[in-house]
Amino acid sequence: MKALRGEPFCVRHSEKTCPGNIIEAMFDKRAFGKQFHDPATWSNWVVCLKTIYGLSLTPPELEVFRICSGRSHPRPGGYEEVFIIAGRQGGKSTTMGFVAAYEAALGGWEKKVGPGEQWNIFCLADTREQAGIVFGNIKRFLGPFQRLVKRETCDELDLVNGAHIAVKASDFRSVRGWRLALVVLDEVAFFPNDNVDELVSALTPSIIPGGRLIGISSPNRKAGPLWALYEKFWGRDDADTLIFKAPTKLLNPTFSERKIARDMERDPERCRAEYEAVFRDDIGALFDEEKLRAAATGSENLPEKGLNYYAFIDASAGKADSMTLAIAHAFEEKVYLDLIRENAPPFDFIQVVNEYAGLLREYDIHECWGDRYAFASLESQLRRHRIALSQSKASTTEFYLKMKALLQARAVVLLDNKKLIDQLKRLELQTLPSGAERIDHPKNANDDLASAAAGAIYHVCKGMASRQPTPGLVVQRHEHPDLQREKELAAREELEDCKREMMDYINEAEGGVGILLKPRR
């Protein structure tokens with residue numbers, strides 16, 4: 001009777017009063033219909049949802065499916081693994097919030113698990129804050145079903161039917177061992193790993209039969225996890241994984257065309273990715289992963305006599321970015337990365353500098369390099385340890401280009417450090433509208449270890465170019481000016497002592513006849 005009076009559904013209602021499928025629930029005013037004010041603007045999302053859930057398509061809808069999937073016909077029974085590549089403001093997060101709310105309230109999963117057993121819906125993204133966008137939409141769509149909510153926190157919901165909805169970071173270690181009805185991966189193209197295989201492999205065995213894994217994202221460069229999935233599954237009728245790709249205006253006809261046109265004038269390549277869901281040609285992976293793996297065979301090297309070491313410090317204030325140190329040397333026309341250190345925030349700046357100074361002394365380094373960030377603070381602290389700091393005139397783009405050339409020539413040995421290699425292989429080579437090239441890390445990522453390692457290697461090569469050829473030694477040593485002056489004074493005193501001894505010897509040999517020797521000034 002409550003359903004007939006237009007009151008919200010609940011799990012105790014009979015199946016006759018509940019919508020028959022997700023599309024009926026989408027526009028039923030007693031369920032989610034009040035959230036979709038203009039059903040006509042959601043028509044192409046209806047095509048996507050019908051395809052995922054294996055519902056029949058009308059001829060116009062079939063044509064939209066062919067455009068957005070590259071396939072001739074959908075697979076009967078729908079798809080359990082879907083990746084939606086859509087333009088910005090196309091309604092991805094809103095639609096996934098609705099799908100998760102539908103599965104939680106009306107999916108009937110309490111009948112597919114054991115009595116009293118908990119089943120889960122996860123929202124995963126690069127950060128918990130990013131995943132919280134979909135989670136916020138889930139809570140909004142569950143408004144008509146508020147009586148089902150048993151417990152609510154800022155990032156979790158428990159329903160009386162056993163559903164547990166939670167926000168998670170994209171870490172494959174934290175998603176194992178759960179009973180999953182639905183997993184939403186938000187902005188897959190910007191996940192920290194260049195390959196989501198580990199994450200998907202950890203999630204797939206946990207998904208209950210009939211459950212779904214749905215990834216949503218706007219496209220980025222022609223590299224990384226989303227591009228690999230697109231190349232593998234786009235347009236393949238026989239593939240179990242569906243790739244659904246659509247521009248902003250197709251999914252959201254209400255979005256402003258004037259805004260798109262204005263943004264296109266400013267940066268066409270970026271806006272084609274943002275609004276037309278086209279992978280970018282102006283951004284590419286800087287390093288070949290196979291070459292990186294081939295070069296990453298070294299382990300940390302202890303200091304050796306006769307070798308000249310260079311160091312680079314990527315400074316940080318200790319609040320946001322890590323502070324890193326890298327030490328490298330060259331021998332027999334090959335550059336070796338000897339040591340890397342990272343201190344993640346928060347940390348004590350002075351304490352970290354003291355630790356780095358101790359390492360620099362171990363490698364007999366009296367001058368190191370850094371960039372302009374926090375240069376004055378770092379320089380003053382290192383000066384207390386009688387270590388000079390020089391500001392590098394080269395940019396990080398130049399550092400990375402030098403490392404790329406060495407990798408191509410197989411003239412560099414990197415440390416076998418997973419985090420370092422992950423940061424290097426995520427670096428992007430971007431072509432700016434001016435035609436200039438810039439190398440940078442992706443959004444929501446960092447390159448602190450990579451920039452320090454590349455900076456040390458760059459200055460090793462710079463020293464090689466300026467040195468006099470000496471067999472076995474390829475780096476010119478730089479010492480603190482005070483130490484250089486002390487050595488010069490000591491050498492002069494030693495020379496004077498030698499000359500005085502020579503005068504005494506001659507006087508004794510000549511029978512006491514003194515011979516005046518005047519040292520040259």
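Here are some exercises on this predicted model, each with a worked solution.

Residues are numbered from 1 along each chain as its sequence is written, and side-chain values use heavy atoms, with hydrogens and water left out. Since the model is predicted, local features need pLDDT of at least 70 and side-chain atom pairs count only at pLDDT 80 or more, while totals for chains, interfaces and linings use all residues.

**Exercise 1. The whole protein**

Task: Find how many helices and strands the protein has, and what share of its residues is buried.

Solution:
- Start with the elements: there are 17 helices and 17 strands. These are DSSP runs numbered from the N terminus, with H or I over at least four residues for a helix and E over at least two for a strand.
- Next, burial: of the 521 residues, 50% are buried. Buried means under 20% relative accessible area, exposed means over 50%, and partly exposed is in between, using a 1.4 Å probe and protein chains only.
- Then the surface: the accessible area comes to about 25,900 Å², and carbon and sulfur atoms hold 50% of that. Such areas come from the Shrake-Rupley method with a 1.4 Å probe, and for residues only the protein chains shown count as cover.
- Last, contacts (heavy atoms within 4.5 Å). Taking those between residues at least 6 apart in sequence, 69% join residues at least 24 apart.

**Exercise 2. The eight-stranded sheet**

Task: Work out the order of the eight strands in the open sheet, and which strands stand at the edges.

Solution:
- Read off the order: 3-4-5-2-6-7-1-8, with mixed pairing. Two strands pair if DSSP finds at least two bridges between them.
- Look at the ends: strand 3 (149–152) and strand 8 (241–246) each have a single partner strand, so one side of each is left without a neighbour in the sheet.
- Check the twist, which averages 15° from one strand to the next. Angles run from 0 to 180 degrees between N-to-C directions, and axes are lines fitted to C-alpha atoms, for helices over the stretch in contact.
- Now step through some pairs. Strand 2 and strand 6 run parallel, joined by five bridges, and Phe 122 has Val 183 of strand 6 as its bridge partner.
- Val 183 also stands opposite Leu 213 in strand 7, where six bridges join strand 6 to strand 7, again parallel.
- Leu 213 turns up once more as the strand 7 bridge partner of Glu 81. Strand 1 (residues 81–86) and strand 7 (residues 207–217) are parallel over five bridges.
- Finish with burial: seven of the seven residues in strand 6 are buried.

**Exercise 3. A bent helix**

Task: Describe helix 5 and say what covers its buried residues.

Solution:
- Take its length: helix 5 (residues 128–141) has 14 residues and reaches 20 Å from first C-alpha to last, close to the 20 Å expected. The expected span is 1.5 Å times one less than the number of residues.
- Find the bend: about 30° at Val 134. That is the angle between axes fitted to the seven residues ending there and the seven starting there.
- List the buried residues of helix 5: Ala 131, Val 134, Phe 135, Asn 137, Ile 138 and Phe 141.
- Identify the cover, which includes helix 4 (92–106), strand 2 (119–125), strand 4 (156–159), strand 5 (163–169) and strand 6 (180–186).

**Exercise 4. Strand 11 and its partners**

Task: Find which strands pair with strand 11, and in what sense.

Solution:
- On one pairing, strand 10 (residues 309–314) is antiparallel to strand 11 over six bridges, and Ile 313 has Leu 325 as its partner.
- On another, nine bridges join strand 11 to strand 12 (residues 334–343), also antiparallel. Here Thr 324 stands opposite Glu 342.
- Go to the hairpin of strand 11 and strand 12: two residues lie between the strands, and Glu 332 takes a positive phi near 55°.
- Check the cover: eight of the nine residues in strand 11 (residues 323–331) are buried.

**Exercise 5. Two residues in helices**

Task: Decide whether Ile 260 and Glu 274 are buried or exposed, and name what they touch.

Solution:
- Ile 260 lies in helix 9 (residues 257–266) and counts as buried because its relative accessibility is 13%.
- Leaving aside neighbours within four places in sequence, Ile 260 contacts Lys 249, Phe 255 and Tyr 275. Tyr 275 is 15 residues from Ile 260 in sequence, and 7.2 Å away C-alpha to C-alpha.
- Glu 274 sits in helix 10 (residues 268–276) and is buried too, at 16% relative accessibility.
- Not counting residues up to four places away, Glu 274 touches Gly 87, Arg 88, Ser 218 and Thr 248.
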